[in-house]
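Hi,

Here is the structure I promised to pass on. My notes follow below.

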There are 2 protein chains.
Amino acid sequence: MPDSKADPADTDLRLAQDLLFFAYRDFTNAADVALDELGLGRAHHRALHFIGRNPGITVTDLLGILRITKQSLARVLSELVDRGYVAQSPGRADRRQRLLTLTEPGAALERRLFDRQRERLGPAYSEAGASAVDGFRRVLRAIMDDSARTYIDAHHRRGS
Amino acid sequence: MPDSKADPADTDLRLAQDLLFFAYRDFTNAADVALDELGLGRAHHRALHFIGRNPGITVTDLLGILRITKQSLARVLSELVDRGYVAQSPGRADRRQRLLTLTEPGAALERRLFDRQRERLGPAYSEAGASAVDGFRRVLRAIMDDSARTYIDAHHRRGS
DNA sequence: GATATTAAGTCAGTAATATTGACTCATCGG
DNA sequence: CCGATGAGTCAATATTACTGACTTAATATC
C-alpha cells in the first residue's frame, strides 16, 4: 500500500462527506428551537453571529462574508434593526457606510444562541481531546477558500 | 489557568463556529457549478449521495437521514427519476417499499460531483496530515446526534 | 467644480427548498 | 377482515435566496 497520504482514498473522502453533513446539520440545528420562539431563522443567526464577532462591520463586508446579495441581507437586517437587536451608525471616516453593531439585547440573544451550540460543541471538544481539536481545526481551515482562511487567521490568532 | 479541557473556552468555540461555517460553505459550494449546468440543486446532490452510499435504501430511511418531509423529497426524487438518475424497484420482502438505486448515469453524475468536492478535500487532507484527519473525524463525530453517529459507525467501520 | 464611483437601500418578480395538512392507494400483519 | 404502514399526491404557505432596475447620499477623481 504505497500512497497513504499523497492520494487520500475514496472511502476516506466519502466519510468526510457524511461527517460534514451530519455535524453541520446538528450543529446549526442546535439553535433552531430558540430561534423559532422568536420567529427568527438561521439567516438571522448568521447575521447576529458575524456582527457580534465584528462590531462596526460595514454592510459590504458583511455581504462578503455571508456571500449573499444585498437584497437578501436587507430582509434579515431590517428585521433585526426593527426588533432592536442590531444598531446602525454612520462611519466616521466615510459617512456613506452604516457600521453595524449588536445592541445589548442583540448581544444577549446571540449569546443565548451560542450557548445552545456550545452545549453540543463543548462536550464534543472535551471528549475528543486537545489533539483531536487541533486536527479538526487544521482540516477545516484547509478546506475553505483563501479569503475565508484570511478571515479566520485575522480573527483567531493564537492567544485569542 | 485551571480549566484547559473540562470547559473549553469561549474563544475556542467561537473559532469552531467560524470554521464550520466557512468550511461547509465552500465544501458544498464546490459542486454547485456542475449542478447548475444540469439545472439541479444541492438537494438533488444530497439525495444522489445518500442513495449512492446506500443502494436499495427505502424512501422512509432516506427521509430519516435527510430530515426532510416526504413532500419535500418528492420534488427532488421525481426529478431524479424522470431524468434517469435514480431507479425505483419494489422491495422483495415488502412490496410497498420502493428501493432506490442510482442508475449508471446517476452513479456517473454523483461521481462527477464527488470529484469536485474531492478537489477541495483531498489536498486539505494531505496538507493537514493523517493525525489531523483523525482529530477532524473524532470531533465531527462527537458533534452529531446519536442516530447520525450510529449511521456513521455502521457505514464506516475501520477497514472500509 | 463637474463627473464618476461607491455604499447603501429599495421595489418587483422569481426560484429553490422546505413546511403543514389532508388525502389516496396498495400492501402488510395480525 | 382491518388497522397500520410505505409511498405518493394536491394544495397552500414560509424561508432564504436570486436577478434586474433604480434611487440617494457621499466620496473620489479628473
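A residue is near a strand if one of its heavy atoms lies within 4 Å of it. This is a predicted model: local features need pLDDT of at least 70, side-chain atom pairs count only at pLDDT 80 or more, and totals for chains, interfaces and linings use all residues. Residues are numbered from 1 along each chain as its sequence is written, chains are lettered from A in the order in which they are written, and side-chain values use heavy atoms, with hydrogens and water left out.

DNA strand D first. It has 24 residues around it, and Thr69(A), Gln71(A), Thr60(B), Lys70(B) and Arg96(B) come nearest. Sugar and phosphate make up 60% of the strand D atoms within 4 Å of the protein. Helix 3 (42-53) of chain A gives the largest share of this surface, four residues. Helices here are DSSP runs (H or I, at least four residues), numbered from the N terminus.

Now the polar contacts (pairs of N or O atoms within 3.5 Å). The side chain of Lys70(B) has an N or O atom 2.5 Å from a base oxygen of strand D. For Ser72(A), a side-chain N or O atom sits 3.5 Å from a sugar or linking oxygen of strand D.

DNA strand C also has 24 residues around it, with Thr60(A), Lys70(A), Arg96(A), Thr69(B) and Gln71(B) the closest. Sugar and phosphate account for 61% of the strand C atoms within 4 Å of the protein. Helix 3 of chain B supplies the largest share there, four residues. A polar side-chain atom of Gln88(A) lies 3.0 Å from a phosphate oxygen of strand C. Arg95(B) places a polar backbone atom 2.9 Å from a phosphate oxygen of strand C.

Best wishes

How values were computed:
A polar contact is a pair of N or O atoms within 3.5 Å; within protein, one must be able to donate a hydrogen and the other to accept it, and residues adjacent in sequence count only if both atoms are side-chain atoms. Helices (H or I, at least four residues) and strands (E, at least two) are DSSP runs, numbered from the N terminus.
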